[in-house]
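Colleague: Please take me closely through one part of this structure, the nonpolar core, for someone who has not seen it before. I should also be grateful for its setting in the chain.

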Amino acid sequence: KTVIPWTDDTNDCVGCGQILSIVSRKHHCRLCAGLLCTDCSLSVDLEEAILALGKIVPDNIIQHNFRFCEKCVRIVDSAREEVKAKKIDRTMEADYQKLIESRDKCDKLMVSYRKVSQSLRLVL
């Protein structure tokens, strides 16, 4: 609430449009502050969400699961997939670089091997 100001000027769920009251409890999305009913709010691990979005988890956060709207969950999931893809790309790039280095070492060893092989042929 201190990071994203909540708007209480409406009583409609942003997910389904249900009018929220004392009977149908209000929840706020922790990313966009949208108002949600219980059915439309999804529980997400805040640390995972913040890491996926490239933010730092505040030290004063004790609770780990927070309610998010479906739109924000999709944004978090998309960001998480991008992070995974970047990690895979970096891993593939590092592996490719190691492969190139190994090939260069083999090429250098082949020069020595050919010299030894030719000298052995001359001896025989």
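Modeller: The mean pLDDT (the predictor's confidence in each residue, from 0 to 100) is 78 for this chain, and 77% of its residues reach 70 or more. The model is a predicted one, so local features need pLDDT of at least 70 and side-chain atom pairs count only at 80 or more, whereas totals for chains, interfaces and linings use all residues. Residues are numbered from 1 along each chain as its sequence is written, and side-chain values use heavy atoms, with hydrogens and water left out.

The setting comes first. Two helices and four strands make up the elements of the chain (DSSP runs numbered from the N terminus: H or I of at least four residues for helices, E of at least two for strands). Their order along the sequence is β-β-β-α-β-α. Among these elements, mean pLDDT is lowest in helix α1, residues 46–52, at 67, and highest in β2, at 86. Of the 124 residues, 21% are buried, where buried means under 20% relative accessible area, exposed over 50%, and partly exposed in between (1.4 Å probe, protein chains only).

The largest nonpolar core consists of twelve residues: C13, L20, C29, L35, L36, C37, V44, F66, F68, C69, C72 and V73. Such a core is a set of buried Ala, Val, Leu, Ile, Met, Phe, Trp, Tyr and Cys residues joined through side-chain atoms within 4.5 Å. Two or more of its residues come from each of β2 (35–36), β4 (65–68) and α2 (70–123).

C13 belongs to the segment before β1 and is buried, at 4% relative accessible area. Leaving aside residues up to four places away in sequence, C13 is in contact (heavy atoms within 4.5 Å) with Q18, L20, L35, L36, C37 and C40. The C-alpha atom of C13 is 9.8 Å from that of D39, 26 residues away along the chain. From strand β2, L35 touches C13 in turn, and also T10, N11, D12, V14, L20, K26, H27 and H28, again without counting residues up to four places away. The loop between β1 (27–28) and β2 holds A33, which is buried at 3% relative accessibility. A33 has a positive phi of about 70° although it is not a glycine.

Strand β4 contributes by alternation: F66 and F68 point to one face and are buried, while N65 and R67 point to the other and are not. Strand β3 (residues 42–45) pairs with β4 in the antiparallel sense over four bridges, pairing requiring that DSSP find at least two. Within this pairing, S43 has R67 as its bridge partner.

Helix α2 also carries a salt bridge, between the side chains of E70 and R74, at 3.2 Å from N to O; the term requires a Lys or Arg side-chain nitrogen within 4 Å of an Asp or Glu carboxyl oxygen. E70 and R74 are four residues apart in helix α2, so about one helical turn separates them. The whole structure has two salt bridges. R103 and D104 form another, with closest N and O atoms 3.4 Å apart; R103 is partly exposed at 46% relative accessible area, and D104 is partly exposed at 33%.
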